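Biologist: Could you take me through one part of this model up close? I'd like to see how the pieces around a single sheet fit together.

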Amino acid sequence: MNILAVESSCDETAVAIVRDGREVLCDCIASQVALHREYGGVVPEIASRKHIEAIYGLADQALRETGLTRQDIDAVAVTYAPGLIGAVLVGVNFAKAAALAMNKPLIPVHHIRGHIAANYIACPELKPPFLCLVVSGGHTMLLNVKDYTDMELLGTTLDDAAGECFDKVGRVLGMPYPGGAAVDKAAQQGDENKYVLPRSKPGENPYNMSFSGLKTAALNLIHHAEQVGEQIDIPSLCAGFTAAVSDTLVPRVVRAIEETGCKKIAVAGGVAANSRIRGDLLAAAEKLGAEVFMPPLKLCGDNAAMIGAQAYYEYLAGNVADMSLNAYATKSILGEKV
Ligand code: KG4
Ligand code: ZN
């Protein structure tokens, strides 16, 4: 089954064609990151306009690259939530029009389910059940993926997402948006013990997390140094910050492995590209005899291939939409029918 998949929830416009959930025939992306960099973050109105400009060309490019025709497409899939509402709407309207014109089923896909599905592309042997740590710019959660469309939320951030904090710290340090990758790179040269930053303590739900205290502590440290004319050791601050994020995430994953007895852990979302978090997870999993699945960096960020992969399983579960499909800025990942 060839699925034409569309993603436009943030600052990447993407169209992919994916066969049977696992085989990526093409993965076309038009990134707007450079455009938003000037403003230090995504400007929603600009994002929506750029999606409109790019999306038709990308769909043509996808067909051209694969040599497929419209008749070879069996369904159209789209990210319908969560994301910047104007941006998501562009993809949803394009997908509705394409599905209507080609008379094919329309499959709505939750963006975070897509991030999880990036692992199906990268690891053909991976099948549910498995645990998944989702760490993106807007979401941080630990899930028990019982089946392709049946998930249990073990814990989530109570405030900021891990990626958002990386970006904020990067911005205050004068790094280009999005700061996560630059903070990661700088951290590799730093001394993580030079600045000790707080770790979120387990609360009532030991899987829940909090990052706003850590973010505020890091920002206060930087601002205080500026005020008293002290030079911040940027690599060491980045190393201390990254260590604190990892020390918040990894023990919760360890606990989930121990409590559920599930020895498969997948990682998803842009922050999954972080070298320190990857290293810590691999080391912790090895001690527990657990297997870690990590998509390559290219599949960690936003792309449409992951949407096409998850769409196949949504389709098999009967999750198809009609022309009344709407876009949503927020929506639970726990599968109510659209
Ligand atoms: O999943 P994603 O592409 O977009 C969302 O759906 O949010 O994630 C983007 C996030 C940004 O916050 C970016 O700074 C972060 O992923 N990121 C990283 C790294 N590469 C990207 N964070 C830490 N270390 C990295 N190497
Ligand atoms: Zn994303």
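Biologist: In which sense do strand β1 (residues 2–7) and β4 pair, and over how many bridges?

Modeller: Keep in mind that this is a predicted model. Strand β1 (residues 2–7) runs parallel to β4, and four bridges link the pair. One spot to click on is Leu4, which sits opposite Val76 of β4. Helix α3 lies against this sheet and touches β1, β4 and β5, with a direction at about 160 degrees to that of β4. Helix α4 (residues 111–122) also packs on the sheet, with contacts to β1, β3, β4 and β5, and its direction makes about 95 degrees with that of β5.

Now for the sheet as a whole. It is open, has five strands in the order β3-β2-β1-β4-β5, and its pairing is mixed. The edges belong to β3 (23–31) and β5: each has a single partner strand, so one side of each lacks a neighbour in the sheet. On average, neighbouring strands here are turned by 20 degrees against each other, ignoring direction.

Next, follow β4 across to its other pairing. Strand β4 (residues 75–81) pairs with β5 in the parallel sense, this time over five bridges. Val76 turns up again here, with Leu106 as its bridge partner in β5. The connection goes through a helix: β4, helix α3 (residues 85–102) and β5 together make a right-handed β-α-β unit.

What about β5 itself? Strand β5 covers residues 106–110, and five of its five residues are buried. In a regular strand the side chains alternate between the two faces of the sheet. Along β5, Leu106, Pro108 and His110 point one way while Ile107 and Val109 point the other, and all of them are buried. That includes His110, in case you were wondering about a polar-looking name in that list.

Let's step from the sheet to the helix beside it. Helix α2 (residues 44–66) packs with α3 at an angle of about 30 degrees, and their axes are 9 Å apart. Since the cut-off for roughly parallel is under 35 degrees, α2 counts as roughly parallel to α3. The crossing of α2 past α3 is right-handed. If you want to pull up the contact, select Ser48, His51, Ile52, Ile55, Tyr56 and Ala59 on the α2 side, and Gly86, Ala87, Val90, Gly91 and Phe94 on the α3 side.

For a second strand to set beside β5, go to β6. Strand β6 (residues 130–135) has six of its six residues buried, so the rest of the structure largely encloses it. Phe130, Cys132 and Val134 point one way from β6, and Leu131, Leu133 and Val135 point the other way, every one of them buried. β6 pairs with strand β7 (residues 140–147) in the antiparallel sense over six bridges, and the two form a hairpin with four residues between them. Within that pairing, Val135 has Thr140 of β7 as its bridge partner. β6 also pairs with strand β9 (residues 264–268), in the parallel sense and over four bridges, and there Cys132 stands opposite Ala266.

Note on methods: Residues are numbered from 1 along each chain as its sequence is written. Chains are lettered from A and ligands numbered from 1 in the order in which they are written. This is a predicted model: local features need pLDDT of at least 70, side-chain atom pairs count only at pLDDT 80 or more; totals for chains, interfaces and linings use all residues. Side-chain values use heavy atoms; hydrogens and water are left out. Buried means under 20% relative accessible area, exposed over 50%, partly exposed in between (1.4 Å probe, protein chains only). Two strands pair if DSSP finds at least two bridges between them. A crossover is right-handed if, with the strands pointing away from the viewer, the path from the first strand over the helix to the second runs clockwise. Axes are lines fitted to C-alpha atoms, for helices over the stretch in contact, and angles run from 0 to 180 degrees between N-to-C directions. Angles under 35 degrees count as roughly parallel, over 145 as roughly antiparallel, 65 to 115 as roughly perpendicular and the rest as oblique. A crossing is left-handed if the near helix is turned anticlockwise from the far one by less than a right angle, and right-handed if clockwise. Contact means heavy atoms within 4.5 Å.
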